[in-house]
Amino acid sequence: ESSRKKGRKEESVEDLCGTVLSDDVVDNKYVIDIPEELKYVLINDWDLVVHQKQLFKVPAKVTVSNIIEQYIMHLASQDICPARRSVATEVIKGLGEYFNVSVGPQLLYGIEKLQYKEDCESAGAVQPVDIYGSAHLLRLMVKIGGYLSCSNYQEQNCKVIEEHIDDFLTYLDMNRSMFFTSRNYTSTTPEYLAKCGSK
């Protein structure tokens, strides 16, 4: 029985990473491979928000914009050809643009939508990349394969984007202790939960 439980636990990690924040599953031509340790970060994020009713603190101590800027600086320090570095920079900047349009409708759990309304929409010209942080950026990674599969990009361009996203995920994985911590979350108040209709 314990082995069956273990099997279910292992399966649940894969299932959750495949379906967390996903729409109905479609046959994605492109699949972004999330590093194993970051899968557990995703599951922990899901548990903290959905089950423990915690919220990722916004504005984040390290925002999506900060992470993108740090990665671009990392690229500048690497011994890679200028053309490849330029493409990688554009791909990562494009991630920020995707994030801005995706976070509200696609990257939030139920109890986070009021937070988004209060702290992002009400802030006017402030962009989500300047408020949200690592957890929501990682949630975007789950969806990138679907975005590419539904895009009008040529296959060769999609493969290039996929490759650079993989490099970015490797960077996040190598620096996960810096970017991903439960200290980024805070407990919700009964008043907040009442306002958003969550029990």
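What percentage of the 199 residues in the protein chain do buried residues make up? The figure is 43%. This is a predicted model, and the protein chain in it has a mean pLDDT of 83. Here is a friendly tour of its main features.

**Overall layout**
- The protein chain is built with nine helices and two strands.
- Read from the N terminus, its elements follow the order α-α-β-α-α-α-α-α-α-β-α.
- Among contacts with a separation of 6 or more, 86% are between residues 24 or more positions apart.

**Confidence**
- A pLDDT of 70 or more is reached by 80% of the residues in the protein chain.
- Residues 1-11 are a stretch to read with care, as pLDDT stays under 50 there.
- For residues 1-11, the model also has zero contacts beyond four places in sequence.

**Nonpolar cores**
- The largest nonpolar core holds 40 residues, and the members that touch the most others are M141 and F168.
- At least two residues of this core come from each of the helices α2 (36-51), α3 (64-77), α4 (82-106), α6 (134-150) and α7 (155-174).
- A second core, separate from that one, has twelve residues, including V49, I111, A135 and Y192.
- If you would like to look at F168 up close, its contacts outside its neighbours within four places in sequence are I67, Y71, I92, L95, L137 and M141.

**A charged residue to look at: D173**
- D173 sits in helix α7.
- Is D173 buried or exposed? D173 counts as buried because its relative accessible area is 18%, and the cut-off for buried is under 20%.
- Setting aside residues up to four places away in sequence, D173 touches P35, E37 and L38.

**The second largest pocket**
- The second largest pocket contains about 220 Å³ of space.
- Part of its lining comes from F56, K57, P59, A60, K61 and V62.
- Further along the sequence, S134, M178, F179, T181, R183 and N184 also line the second largest pocket.
- How do the residues of this lining divide into nonpolar, polar and charged? Six are nonpolar, three are polar and three are charged.

Definitions and conventions: Residues are numbered from 1 along each chain as its sequence is written. This is a predicted model: local features need pLDDT of at least 70, side-chain atom pairs count only at pLDDT 80 or more; totals for chains, interfaces and linings use all residues. Side-chain values use heavy atoms; hydrogens and water are left out. On a 1 Å grid over the protein atoms alone, a cavity is a set of points where a 1.4 Å probe fits but cannot get out, and a pocket is an open set with protein on both sides within 12 Å along at least five of seven lines; lining residues have an atom within 4 Å of a point. Grid points are joined across faces, edges and corners, and a volume is the space filled by probe spheres set on the points. Ala, Val, Leu, Ile, Met, Phe, Trp, Tyr, Cys and Pro count as nonpolar, Asp, Glu, Lys and Arg as charged, and the others, Gly among them, as polar. A nonpolar core is a set of buried Ala, Val, Leu, Ile, Met, Phe, Trp, Tyr and Cys residues joined through side-chain atoms within 4.5 Å. Buried means under 20% relative accessible area, exposed over 50%, partly exposed in between (1.4 Å probe, protein chains only). Helices (H or I, at least four residues) and strands (E, at least two) are DSSP runs, numbered from the N terminus. Contact means heavy atoms within 4.5 Å. pLDDT is the predictor's confidence in each residue, from 0 to 100.
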